Structures are given as structure tokens and as C-alpha cells.
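Please work through the exercises below with the sequence and the structure at hand. Each task is followed by a solution in steps.

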Amino acid sequence: MSFFDQIQSRSESINSLLCVGLDPHQKELPADQWSASEESRCEAAYQFCKRIIDATAEHTVCYKPNAAFFEALGTKLGNVTLRRVIDAIPNDIPVLLDVKRGDIGSTAAAYAEACYEEKDGLNAGGVTLSPLMGWDSVSPFITGKYADKGAFVLCKTSNPGSNDILALNLQQQTVFEKIAGLANEWSSSAASDSPTSSTTPRLGLVVGATDPSALSKARKAAGSKLWILAPGVGAQGGDLDAACRAGLNDEGTGMLIPVSRGISRATDPAAEAMKLKEGINAARKAVLDERGEKRDQPGDSIAPYQKEFLEFSLKEGVLKFGSFVLKSGRTSPYFFNAGLFSSGSALHKLGKAYAAAIMSSKELVDKDGKVTFDVVFGPAYKGISLGALVCSALYSDFGVETGFAYNRKEAKDHGEGGILVGSSMANKRVLVVDDVITAGTAIRESHTLLQKIEATPVGVAIALDRAEKRSLEDPLSAVQAVARDLEIPVVSIVALPQLQEYLKLSSEYDEDVLKLVTEYRSQYGV
């Protein structure tokens, strides 16, 4: 199994998220043995670690020996002692070597060999890395002959000084959020290039439990698959409950809590490890119960394609949470800009989401499963690309063949002339595709144009329905007004109720975000 497969399997088999650190620094060893000789302090360090391993093996998901403390034992036997300790760890327990390497090219490859090789290296299963030199400093540790290994990259560490760099704001995110997103991309890329376990993560994140807000943001940026190593509980003052609430994924896993001194300095390390494991599991259960209560509350259902659409909209920065002043003058807690779907992968997913929404609609699909339109029309300008994406996705995902047409803003005075391009729409049933309906002006103009050429508009498909009143005096939304005035259905991929439900189910956003969206819907929603 790969490193993170082992982590997952071990966590499930012993019902634990505890990671035990092995840090034989000078203060942990008898003074007389430290000063006697290198051989004496190395043996003391080995016995110190062996005692912890023997006492805690049934409770720990993995062991995390810190290479620095072994190197400090002496140049002759320090690494030899580290390898002895790793060999003393049971084979079914993963070993995460805490080395925080960060270099490029042949140097990184040499570090990887030293950490991983079974015969002449340290035989670790995973390592900690600094990602600040980019992908080429990370790839030697998780690709090629080390594709079954794994690494936790430093993202937002638990020390106060991490704010000096990692919390700096870039254009729209912090440095650590950028690292979390890159780790997710790098992990997926490395996994896709591997002949086996293509869905297994190759990377995790180190995010301090001392900063629950950063934990929550890192989880959001990285997604639910990546594991987070969250140091700082205990001696550094991290709040376990808050950390679990912020860092656990939707399944209540995906996070390791490393503890070193809390166990090594305990009178009974075995009892302390059990106590820590049970405490983590209690915090974990409380988080899952809390999320379960939210799920059980009456709400608006959300389909898988809608959840996926919201997730990739957030990842692409198309959907943002914050404070945004709209044209209406209202201050909204969220903003949606479909123009930021600007990459091939994002546009591909966007087309699939539109197609899924259309095929899930009772208004646009008859009882025999056939669509009620012949042509997809994309009004200039944004609707042109959207219409093409929808036609392509309907065909590729559902085998639905339709025509595609769009209009120009100005008529051509050469060639075939005119303002309409593509499939003929005369005497055809037409579905209009756009991104959002703000006032409904573009849709009404399209409706008039289609009627002039004797086409029959049968519906409108949009990405997001804000589902809010046009004014305090008008109880209808812009979408409802279009549907009423034009007497055609308007289908959206998602609407405000689904956004609210997504936030209820998600573990990646602060409760304040849900509160603001809920209040906004209560005040302006239809």
C-alpha cells in the first residue's frame, strides 16, 4: 500500500487519529549519559524511543521521529540510531520522518534516497517537506520509484513566527492557502501519473492546531482528500475541539494530531496515549454529531452535481464569500462571477453541470426522457461559449444531440450577413442559455428575437439563481419575473437555497459564513 493508504487503513483499524512524536532531545535524556560519550547518549536515545514505541503502539496511527534530535546525538552514530528506532517500529505502523527538507534537482533526489531507501537509507514511509521552492523540490519524494511514498508539506505551522510569511496576503488569498491549493494539485498530478492507486493522495499538509481559522481555510483550499498533520495540541496550547471542528473532513477523518512531550514525560506513556486517543475521538464524535444535526434539520436538498458545481466554483474563485456591494445597493455575503471560469478544465466541468441541471429538470425533459428543445441558443456575448459547452456536454454525457446557434451584436455586411449564426431556429423549439439573470433584460431581448424568426422559446438555463426579491415592494425575483412574463421555465444549476444547504453540510467554512448567508436569504430571499 502507499503511505497514505497505510495511514487511512491504520486509522480505521484502531479508530485513532493520534500520531506519536519521537523527539530524544537532550532534556529528555539522563544528563550523565548525554555527557559520557556519543555511544552512551545514542543508546539512551534509542531506549527512550523504544520505551515510547512499546507503550503506545496499539494507540498510534503513525510514529514521527524528528531527524534533528538524532543528528544532534553525534555525527558517527546519530543516523544509525535513527535507523535503529525506525526498525523497532512494528511493520504495520507507518513512519513519518520529520526532516522538513526543501531543495531541488539532484539534491532533492539525494535527500529522498537518504530518507526512503531500505538498505542504505532510513526506510521511512513519508517525510515532511518545505514547499517554498516549488513542485521540483517536492516531486522527487512522491514520484518515480517513490510513488508509493508520501509527504506532508509545511503549510501554516504552529509557531507564532509562521505569520511572518505564511499568513501574508497575496491577491485574493494567503500564502498558506496558496500552498494548500498547490498541494492538492500536485498530489492529484502525481497520483494520475502513477500506474496504481490513482485516487490516493500523495501529499498532506502541516497546519498548526494553534490556529483553527487557518486550519479551516487550509482544509477549504486543499479539499477533503488531503490529510492534515496538526501539531500544537497540548504544550503549545492548541484547542483540540476547535482544531477538529476546523480540520476534519466530511467523514470525520483526514487529520492527525501529533503529540510528543505529552506522552514522553507522562508517568505512564501507555495510559496517556490511550487518554489522548479517546480525547481526540470524543472531539471527533462531537464534530460529527454537530454536523449530523445540521444535516437532519429541515432544509433544501442538494444534488451531487450541485455540490460539485459549488465546490469547483469556489476553487476557481468564481464564487466568493465576503462583503460585496451589488448593483442593487445591497451588501451580499457572496458573489458569483462566471467570467472567471477561464481554464479548459473549469469550462469542461461547467458544461457538465449545465447538462446535469437540464437533464434533471422536469420542465425540459419529458416523461420519456427526451429533451423538449431542438436548439440551444447562446445570446451574445457570454451566452455564446456557454451554449457551445452545453451542447457538447449534453451529447458527451447524455447522448442528446441538439443544434447550436448564437447571435451577433451587429449584423455582418459581408459573407452570409445577418446577426444569427449556427443551426436554423425557425419553427424549432429553443433553449436559451446564460450565466445569471439580474434584471432579465438579455433574456427578454432573446425571447423577442426568437419570436421574430418564428422560433419557439421553451426555457432558459442559467448557472446561479440568486433567488432574491427585486425590491422590498416586489415579492418576485428576477428569475420568477422572467418565468411569469415569458411563460417559460427557468432552470438553474444552483440557487441560493442550495448554497445555504451546502454551507450547512460543509466542514470547510466558519459558522459565521452560514449565518450571514442565512440572514441574507431571510431578508431578501423568495
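The exercises that follow concern a predicted model.

**Exercise 1. Helix H6**

Task: Determine whether the length of helix H6 agrees or disagrees with the expected span, and which of its residues are buried.

Solution.
- Step 1. Helix H6 covers residues 105-116, which is 12 residues, and at 1.5 Å a residue it should span 16 Å.
- Step 2. The end C-alpha atoms of H6 are 17 Å apart, which agrees with that expectation.
- Step 3. With buried taken as under 20% relative accessible area, the buried residues of H6 are Ala108, Ala112, Cys115 and Tyr116.
- Step 4. Viewed down the axis of H6, these buried residues fall within an arc of 80°, so they line one face of the helix.
- Step 5. The general rule behind such a pattern is that an α-helix has 3.6 residues a turn, so residues three or four places apart point the same way.
- Step 6. The cover over the buried residues of H6 includes strand S3 (96-101), strand S4 (126-129), helix H7 (135-138) and strand S5 (150-156).

**Exercise 2. The second largest pocket**

Task: Describe the second largest pocket by its volume, by the residues closest to its centre and by the classes of its lining residues.

Solution.
- Step 1. The volume of the second largest pocket is about 860 Å³.
- Step 2. Its lining consists of 36 residues, of which Val436, Ile437, Thr438, Ala439 and Arg466 are the closest to the centre.
- Step 3. At least two lining residues come from each of strand S10 (331-336), helix H15 (382-398), helix H16 (441-452), strand S15 (456-465) and helix H17 (478-486).
- Step 4. The element that gives the most to this lining is H16, with three residues.
- Step 5. Sorted by class, the lining of the second largest pocket holds 17 nonpolar, eight polar and 11 charged residues.

**Exercise 3. The enclosed space**

Task: State how many cavities of 30 Å³ or more are counted, and which residues line the largest cavity.

Solution.
- Step 1. The count gives one cavity of 30 Å³ or more.
- Step 2. The largest cavity holds about 40 Å³ of space.
- Step 3. Its lining is made of Phe309, Leu310, Leu319, Tyr334, Phe336, Leu464, Val494, Ala495 and Leu499.
- Step 4. Two or more of these lining residues are given by each of helix H13 (304-315), S10 and strand S16 (490-495).
- Step 5. The lining of the largest cavity divides into nine nonpolar residues, with no polar and no charged ones.
- Step 6. Leu499, one of the lining residues, is also among the buried residues of helix H18.
- Step 7. Helix H18 (residues 496-505) is mostly covered, with nine of its 10 residues buried.

**Exercise 4. Backbone geometry in the loops**

Task: Identify where a cis peptide bond occurs, and establish whether Asn427 and Glu454 are buried or exposed.

Solution.
- Step 1. As background, most residues other than glycine have a negative phi, and most peptide bonds are trans.
- Step 2. The bond that joins Ala380 and Tyr381 is cis, with omega about 0°; Tyr381 belongs to the loop between strand S11 (375-378) and H15.
- Step 3. Asn427 has a positive phi, near 60°, and sits in the loop between strand S13 (418-422) and strand S14 (429-433).
- Step 4. Because its relative accessibility is 62%, Asn427 counts as exposed.
- Step 5. Glu454 has a positive phi of about 65° and is placed in the loop between H16 and S15.
- Step 6. With a relative accessible area of 55%, Glu454 is exposed, the cut-off being over 50%.

Definitions and conventions:
Residues numbered from 1 in each chain as written. Predicted model: local features only at pLDDT ≥ 70, side-chain atom pairs only at ≥ 80, totals over all residues. Heavy atoms only, no water. Helix = DSSP H or I, 4+ residues; strand = E, 2+ residues; numbered from the N terminus. Expected span 1.5 Å × (residues − 1). Buried < 20%, exposed > 50% of the residue type's maximum accessible area, 1.4 Å probe, protein only. Arc of directions from axis to C-beta. Contact = heavy atoms within 4.5 Å. 1 Å grid on protein atoms, 1.4 Å probe; cavity = no way out; pocket = protein on both sides within 12 Å on 5 of 7 lines; lining within 4 Å. Points joined across faces, edges and corners; volume = space filled by probe spheres on them. Nonpolar A, V, L, I, M, F, W, Y, C, P; charged D, E, K, R; others polar.
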